[in-house]
Structure formats: C-alpha cells, structure tokens
Amino acid sequence: MKIKEAVFVVSNSDASKCPAPDRPEYAFIGRSNVGKSSLINALTKQNKLAKTSSTPGKTQLINHFLINDEWYLCDLPGYGYAQVSKTERAKFMGMVKNYISTRQNLLNTFVLVDIRHEPLQNDLSFMQWMGENGLPFCIVFTKADKLGQGKASKMIAQYKRVLKQTWEEFPPMLITSSETRQGCKDLLDYIQQINEF
Ligand code: GTP
Ligand code: MG
C-alpha cells in the first residue's frame, strides 16, 4: 500500500474523545523510546508528523493521524520506562489500556520492542493482557539497523523461546528500522490486508 496523504487529526488524553470510530484504526504501543513515533514518521515518509525525542516520555497523549482519508494510525504514550515517574507510568498505562480495550474500530495493535533487548517483563505482561482480552496484535521489532542480521536473528529466536513458555502460537512478527525503512512495506501491506478483509 502507498501512503499518499497523512495528516494529524487530534491529540487527547481520553479514549472517549477520540475521532468518531468510522474508519479502520491501527495503534502503536510499546516502551517509551522504543521508536513508536519514529516508525509512524517512517511509514508516512514525513519526518515531523509524530513528535520524536531521544528522551523517553515524549508522547504523552493519544494521537490520531488520518491516512489517505481512509484509515487512522494512532500513536500512544509509551509504558514502563524507569526515568518516567511511577505515577506518570500508571497514568499512561491506564489511558492506553482504556483506549485499546474500548476503541471499537481498532483492528490491530502493533506492540513495538527494541530488537537489541532481551524479552522484558513489562512487554510480556502487556502482550499477556492483550491475549487475555482477545485483542489482536503483532510484535514489531524496532531499530534493526543497530544490529547485524546474524545478531538480529538470534534476538528473535530468543524472543520466541520465551514466548513459547506461555503462548501456544506466536503472534505475527515484523522486523523494522525507521532509519533504513526496513519492514515498512511489510507493515503497510499487513494493514492493507486487514483493511481489505
Ligand atoms: P515515547 O514517545 O517517549 O514513548 O517514545 P517513542 O517510542 O515514540 O520513540 P521515538 O520515536 O521518539 O524514538 C526514540 C529515539 O529512538 C529517538 O532518538 C529516535 O531517533 C530513535 N529511533 C527510533 N527508531 C529508530 C530506528 O529504527 N533506528 C535508530 N537507529 N534509532 C531509532
Ligand atoms: Mg512517541
């Protein structure tokens, strides 16, 4: 799929105030600093569409972007970064979980994990929560440009070993880099497939 147009619509802290749920929607979630906003910019080829920062905790609201006037991308605040206060973390997690579990038009959530990190408890717990609530998601490995192919494959194999302890089946997995745009086409094709379903 080609993105011809991507426009920022609205930011808010309350799931009930999001745009009318009249189009397919896809959300990006994961730890702070994992690269959610950067990936949205890479997908849309717009450097400044979603605000990014090297300091974790940049995205603090639920942000909607309208793509090709047909579907929404949603950038969410990250969870679980030690540099963000415990109160803030709890607030973001509550906001995100409320949004994900109540948003009627949300067709898939992309859970981003940094390909350099071993499976982290807060990511695994988040995926567990998604599974328990019957919410569909993919795992998106980010920052693939930071590792060679051999090392990247090892990290993914390790991730699968850990998932296997609790999951009968693996969720779909994508390997991406916002620097090189690796995986962007795969991710957009995945969205297109769901949109057409
Ligand atoms: P919060 O909004 O704080 O939750 O973070 P985020 O997940 O939106 O991360 P963001 O996109 O702001 O990126 C965090 C940092 O990682 C920035 O310094 C980015 O430049 C960097 N980054 C993101 N994606 C990539 C990538 O694919 N490769 C490399 N090398 N750096 C990346
Ligand atoms: Mg962000």
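Start with the whole protein chain and follow its elements from the N terminus, where they run β-β-α-β-β-α-β-α-β-α-β-α; together they come to five helices and seven strands, where helices (H or I, at least four residues) and strands (E, at least two) are DSSP runs numbered from the N terminus. The radius of gyration of this chain is 16 Å, close to the 16 Å that the globule rule gives for 197 residues, so the chain is as compact as a globular protein of that length; the radius is taken over C-alpha atoms, and the rule is 2.2 Å times the number of residues to the power 0.38. Along the principal axes, the C-alpha trace spans about 40 × 40 × 35 Å.

This is a predicted model, in which local features need pLDDT of at least 70 and side-chain atom pairs count only at pLDDT 80 or more, while totals for chains, interfaces and linings use all residues. Residues are numbered from 1 along each chain as its sequence is written, and chains are lettered from A and ligands numbered from 1 in the order in which they are written. If you colour the chain by pLDDT, the predictor's confidence in each residue from 0 to 100, the mean is 93, and 99% of the residues reach 70 or more.

Next, select the strands. Seven strands form an open sheet in the order β1-β3-β4-β2-β5-β6-β7, with mixed pairing; two strands count as paired if DSSP finds at least two bridges between them. β1 (6-12) and β7 (173-175) stand at the edges, each with a single partner strand, so one side of each is left without a neighbour in the sheet. From one strand to the next, the twist averages 25 degrees, with axes fitted as lines to C-alpha atoms (for helices over the stretch in contact) and angles running from 0 to 180 degrees between N-to-C directions.

Now select residues 25-30, which are strand β2. Are the two faces of β2 covered or open? Glu25, Ala27 and Ile29 on one side and Tyr26, Phe28 and Gly30 on the other are all buried, meaning that 20 or more other C-beta atoms, placed from the backbone, lie within 10 Å of a residue's own (exposed is 12 or fewer, partly exposed is in between). β2 pairs in the parallel sense with β4 (residues 71-75) over four bridges, and alanine 27 stands opposite cysteine 74 there. On β5 (residues 106-114), β2 has a parallel pairing over six bridges, where glycine 30 stands opposite leucine 112.

Stay with β5 and add the largest nonpolar core, a set of buried Ala, Val, Leu, Ile, Met, Phe, Trp, Tyr and Cys residues joined through C-beta atoms within 7 Å. Of its 42 residues, Ala27, Phe28, Ile40, Cys74, Val111 and Leu112 touch the most other members, and the largest share, five residues, comes from β5. Leaving aside neighbours within four places in sequence, valine 111 is in contact (C-beta atoms, placed from the backbone, within 7 Å) with residues including Ile29, Gly30, Phe126 and Ile139.

Finally, move to β6 (residues 137-142), which pairs with β7 in the parallel sense over three bridges, phenylalanine 141 having isoleucine 175 as its bridge partner in β7. Then show helix α1 (residues 36-44), which packs on the sheet, touching β1, β2, β3 (62-67), β4, β5 and β6, with its direction at about 140 degrees to that of β2. Helix α3 (residues 121-132) also packs on the sheet, touching β5 and β6, and its direction makes about 165 degrees with that of β5.

How values were computed: Contact = placed C-beta atoms within 7 Å.
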